Amino acid sequence: MLSALILILLIAGGLAWYFGNRNADIARWIALGSLGGMLMFMIPLMPQALNAPIHHGVEISWLVYQQNSWIPRFGINLILALDGLSLLLVLLTLLLGVIAVAASWHEITERVGFFYFNLLWSLAGVLGVFMALDLFLFFFFWEMMLIPMYFLIGIWGHENRHYAAIKFFIFTQVSSLLMLISMLALAYLHYLNNGHYSFSYFDLVGTGDQSPYGFWLMLGFFIAFVVKLPAFPFHTWLPDAHTQAPTGGSIILAGVLLKTGAYGLIRFLIPLFPDSLNYFGPYAMAIGVTGVLYTAVVAFAQTDLKRLIAYTSISHMGFVLLGVYAWNILSLQGAAMQMLTHGLSAAALFMIAGAIQHRIHTRNLEEMGGFWASVPKIGCITLFFAMASLGMPGLGNFVAEFLVLVGSFQVNVPMTLIATLGLVTAAVYSLIIIQKAFHGPQTDHQQMPDFDQREMGAMTVMIIGLLWMGLYPQTFLDTLAPVFAQLDGAVIIVENQVNLPTLVSHLEAAQ
Amino acid sequence: MLKLLWLVPLLPLLSSVILILTKGKLDNTRVSYLGVGSVGLSALIAISCAINFNMAPPGSAYTQTLWQWIDVGTLQPSISFYLDGLSLVMMLVVTCVGFLIHLYASGYMYPDTDYSRFFACMNLFLAAMLILVLADNLLLLYLGWEGVGLCSYLLIGFWYKDPENGRAARKAFIITRVGDTAMAIGLFLLVRELGTLDIQQVMDQANHIWKQDSGYAAIIALLLLGGAVGKSAQLPLQSWLPDAMAGPTPVSALIHAATMVTAGVYLIARSHELFLLAPDIQMLVAVVGTLTLLLAGFSALTQTDIKRILAYSTISQIGYMFLALGVGAWSAGIFHLVTHAFFKALLFLSAGSVILALHHQQDIRKMGGLYKRIPFIFIAFLIGSACLAALPMTSGFFSKEPILAQAWSQSPILWLGGLLGAFLTALYSFRLIFVVFFGEVKTETHPLEVPEKEQWRMSSSLIALSLLALFGGALTLPLDRVLPASDPHAPIGIEALNTVLPIIGIYLAYQLFMKNPQWLDKVMTSPGAEKIKAFWFAGWGFDDLYDRLFRFPYLRLAAALGDDFADQISRITEKVSSYGHWLMGQTQTGSVRGYATVMTAGAIVVLAIGALS
């Protein structure tokens, strides 16, 4: 059933390309219909996820589980599964997919069919990443989301698109090769111990630490994930990619693609290498915290609106890294919430930046000013998302950052104190957006149209989402709680050096 | 009626949401009915809650839980309101004074094109402020705390076309955020040590777990104090408030005098058990208050902008409240908060009327002789100033007197600071009276551009506030069971001094600014006087200091990092590979002889390697 989801998107992408050559509108409607339909299809799983029982151990209860044999000789299977975390991220992906289609509706007029083909294929890859539990399959999807995104940036991007697309490709490609090496090593290690290859998540959980090269294997995964996250100092592809990507591409990049890195850390890296929490945790937290502050300062200095927002994204992702490596229920819930809330707030900000660029043909903040009078809707909505981004309580981002900080405070006080300074720097860069674009004296760009109904619709969805996550986050926290209880249980058992075959049999019995 | 408590913050919030969603399409009449009416209704509900609450047995508290907000591990804050004597007093001040200021503002802002946006922000502010005072846990309090900060930012920068206003708004937001960050760290520590953020539980557990002079209690009290000095504009985070006067005058009255800036006082009173466990920090509160009230008092003397004088006066009066909390005159501190809300709102609103009458002239050097032109406003302003100067029988007298008496019994030095401050207060407040309302007329008044009905609203608001300011001293606040009691009595000589010195200050003001201005000129010719004046005028140089310590370095850092040095490093690999590309390209010369030479040489080298190995 889960593979059908991915397949539908792939087929819809092909159809969009085929029909888009004759009539662009058909391609748009195919993309919207397939994503929207799947969203409607997936939402009914939420009540089940909400009521999933919490096991503080290794028993795993997947909401949906699918296993087929693929390449038995190397122990490669088609394992796709959904739990609360995957489900929420899948929903986020589909929702932002719909919004990306809406944002591209009038912006993309060239080769429309091929555009939606790439968009849908990239999203299909992302869905695969969030559901795959076979390392090889995971890698397959990991690559599958890259190449369409490369085309999205390289073909429909702005003035410097080729440079940005190639930079994006090289960064992610090199880092994912390192991950591939680590994966092959883990499978080989399994062969040495058990006499057969396996890429299955259940076979490999906790085995990374047994290898004498465990640290280096862990590093391979780590680099792949933090390049995608991105974390300082591997973030440098992101400002270029974001700035140059078309609005739809930026929304997918910021809203969804970055989350695959965070997801990889939570789902794969820590469970595969639980010991790395001890020997690597403080360094990873330091990387996260440095990123929070460093990119906040850099963001403030930008004059390109999209570039500024791109740097704020990196800053917010630093909190995720901090939360993951603090690894307690508070900080993990916070990190996961940060993935969801940032998905909405960053996507909205990029959509706003794209809308402004579409109207006045510049992203330069120095050429903006006084927009409040002419486009009050855009102003009011930007203010809302700027407030979300600086962590205003009542909106989801506050809940996320507060949980991360409360959780990490119990683990590492100095790191948390430094990260908390990010609350001040976030205020500095968020307010400068409002000041430069919307306040101040009016500039020449007086006569731009305000948001239309399509844009208001997309914004309304994201505003409601952030208010929901800010005022009643329990819906999401309850969905996530069983996942973290069980991941935490697995990690603790492995840490205590419980005999691994029992763990594996536990995990398998639970399927 | 207590069951309706949730409506008190909800009504202004709802009105704000409606005003935002209608995007300014409503006409002014409808906006004012919605904006003022919702607050009025909320004030009525607050009053009926108060009546019901008074009938309950003394010392009881009422909690209303709306829903569970967050539930992760031990962190389980809910959206709950907590009503006891203290939050009741705050709720009444916020809704009633808030209503009167809204009423006034509906006239004052009438000519403004952004009438609807103004009321949307004001209503939102009141909702956030009410959540702040009613919150039963510190996380919800923090929500209100940040919410009022946001509205303060929006309203300071209300006239956004002038970049200076935007700068003042951001300054206010960022400086208070520094304090808020300290407070947030305090919350992290509370969660770690006590596992809860519920205010009553925190206080109970703190008393059980921590001993007197406990280190944790001291650190947490200090961090909360950090939040309080930011929001209440006390040393060292006071410098944003004078600039915040860039907002419309009703905003200054509501946010930057009567309610938001006193949130710090409320926070300390709310968490007084923590401060009682940490006497050193409590003493620090008193010291901060005393220093601030003196610094701001001297600065107020030198200002020339009528609103900036009142702003410094607000900082100084909140200093008194901090002094009161620090020396243990808890109830007196809250009492001063209440009376200050009355008379400072009155002062700001009547200053607003002066400013309107003079067509947005705020410089007092260009005012004079106004008591004949606008006698009604003169009387209102006079009442406000008399209360501010704590003349006997006014509300300010009844609230300031116990503070000074308690300060005397705790520490004569603090008392002396407070006394000097009282003298300064009288001096600068009557300087304002004499300069603005007496002497020769310098700027002529204009008729207001506000319709008759709205003018009447402004007047009735001023009358109501005047009555509150005059007779507010007769109120008794239901704080007995909430805050530790104190019964301050100082020797009769000290009390006499407390009473007489403000009168001397007024007499001196009369001499310096009315009767014998040449005395002042003489003082100013003495060496160094100009420098001191400039120093006080600039708020003791704090802006300059913070610019040098924080703002400029941050700007320099941002400029230096703007190109993202990490990106520069990653570009090195790019440069290396394109250099390699160029280098290899160089061998492509097109000369056949060259190719043949290299090929031969290569073949020889390969053969040699083969032969030798």
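This tour moves through a predicted model, beginning with the contact between its two chains and then visiting elements of chain A and chain B in turn.

**The contact between the chains**

Start by selecting the residues where the two chains meet, a contact that draws 39 residues from chain B and 43 residues from chain A. On the chain B side, colour strand 1 (62-68), helix 5 (138-156), helix 6 (163-194), helix 24 (542-561) and helix 25 (565-586), each of which supplies at least two residues of the side that touches chain A. Of these, helix 6 of chain B deserves its own colour, as it gives the most to that side, with 13 residues. If you then recolour the side of chain B that touches chain A by residue class, you will find 22 nonpolar, 8 polar and 9 charged residues.

**A hairpin in chain A**

Next, move to chain A and select strand 1 (residues 64-71) together with strand 2 (residues 76-82). These strands of chain A pair in the antiparallel sense over 7 bridges, and A:Gln67 can serve as a landmark, its bridge partner in strand 2 of chain A being A:Ile79. The two strands form a hairpin with 4 residues between them, and in the turn sits A:Gly75, whose phi is positive at about 65°. Strand 2 of chain A is largely enclosed by the rest of the structure, because 5 of its 7 residues are buried.

From the turn, step across to A:Ser198, which is in contact with A:Gly75 and, again leaving aside neighbours within four places in sequence, with A:Ala187, A:His190, A:Asp203 and A:Leu204. A:Ser198 belongs to the loop between helix 8 (161-194) and helix 9 (201-204) of chain A, and it counts as buried, with 23 C-beta neighbours inside 10 Å. For a distance to draw in the viewer, connect the C-alpha atoms of A:Ser198 and A:Leu15, which are 183 residues apart along the chain and separated by 36 Å.

**Helix 2 and helix 5 of chain A**

Now select helix 2 (residues 24-42) and helix 5 (residues 112-131) of chain A, which pack at an angle of about 15° with their axes 8 Å apart. The two helices are therefore roughly parallel to each other, and helix 2 of chain A passes helix 5 of chain A in a left-handed crossing. To see the contact itself, show A:Ala24, A:Ala27, A:Arg28, A:Ile30, A:Ala31 and A:Ser34 from helix 2 of chain A, which meet A:Val112, A:Gly113, A:Tyr116, A:Leu119 and A:Leu120 from helix 5 of chain A. Sorted by class, this contact has 8 nonpolar, 2 polar and 1 charged residues.

**Backbone details in loops**

Which residue in the loop between helix 4 (84-104) and helix 5 of chain A should be centred next? It is A:Arg111, a residue other than glycine with a positive phi, near 45°; A:Arg111 is partly exposed, with 18 other C-beta atoms within 10 Å.

Further along chain A, the loop between helix 10 (214-228) and helix 11 (237-244) holds A:Pro230, and A:Pro233 is found in the loop between helix 10 and helix 11 as well. The peptide bond from A:Leu229 to A:Pro230 is cis, with omega near -15°, and a cis peptide bond also joins A:Phe232 and A:Pro233, with omega about 0°.

In chain B, centre on B:His360, in the loop between helix 15 (330-357) and helix 16 (370-373). B:His360 has a positive phi of about 60° although it is not a glycine, and it counts as exposed, with 7 C-beta neighbours inside 10 Å.

**Helix 4 of chain B and two of its partners**

To finish, select helix 4 (residues 115-134) of chain B with helix 2 (residues 28-55) of chain B; their axes come within 10 Å and cross at roughly 10°. That crossing makes helix 2 of chain B roughly parallel to helix 4 of chain B. The contact includes B:Val31, B:Gly35 and B:Val39 of helix 2 of chain B, and B:Phe119, B:Met122 and B:Leu126 of helix 4 of chain B. Its residues divide into 6 nonpolar, 5 polar and no charged.

Then add helix 3 (residues 85-108) of chain B, which packs with helix 4 of chain B at an angle of about 170°, their axes 9 Å apart. Helix 3 of chain B is thus roughly antiparallel to helix 4 of chain B. Among the residues making this contact are B:Met90, B:Val94 and B:Gly98 of helix 3 of chain B, together with B:Met122, B:Leu126 and B:Leu130 of helix 4 of chain B. By class, the contact has 10 nonpolar, 3 polar and no charged residues.

How values were computed
Residues are numbered from 1 along each chain as its sequence is written. Chains are lettered from A and ligands numbered from 1 in the order in which they are written. This is a predicted model: local features need pLDDT of at least 70, side-chain atom pairs count only at pLDDT 80 or more; totals for chains, interfaces and linings use all residues. Two residues are in contact if their C-beta atoms, placed from the backbone, lie within 7 Å. Ala, Val, Leu, Ile, Met, Phe, Trp, Tyr, Cys and Pro count as nonpolar, Asp, Glu, Lys and Arg as charged, and the others, Gly among them, as polar. Axes are lines fitted to C-alpha atoms, for helices over the stretch in contact, and angles run from 0 to 180 degrees between N-to-C directions. Angles under 35 degrees count as roughly parallel, over 145 as roughly antiparallel, 65 to 115 as roughly perpendicular and the rest as oblique. A residue is buried if 20 or more other C-beta atoms lie within 10 Å of its own, exposed if 12 or fewer, and partly exposed in between; C-beta atoms are placed from the backbone. Two strands pair if DSSP finds at least two bridges between them. A crossing is left-handed if the near helix is turned anticlockwise from the far one by less than a right angle, and right-handed if clockwise.
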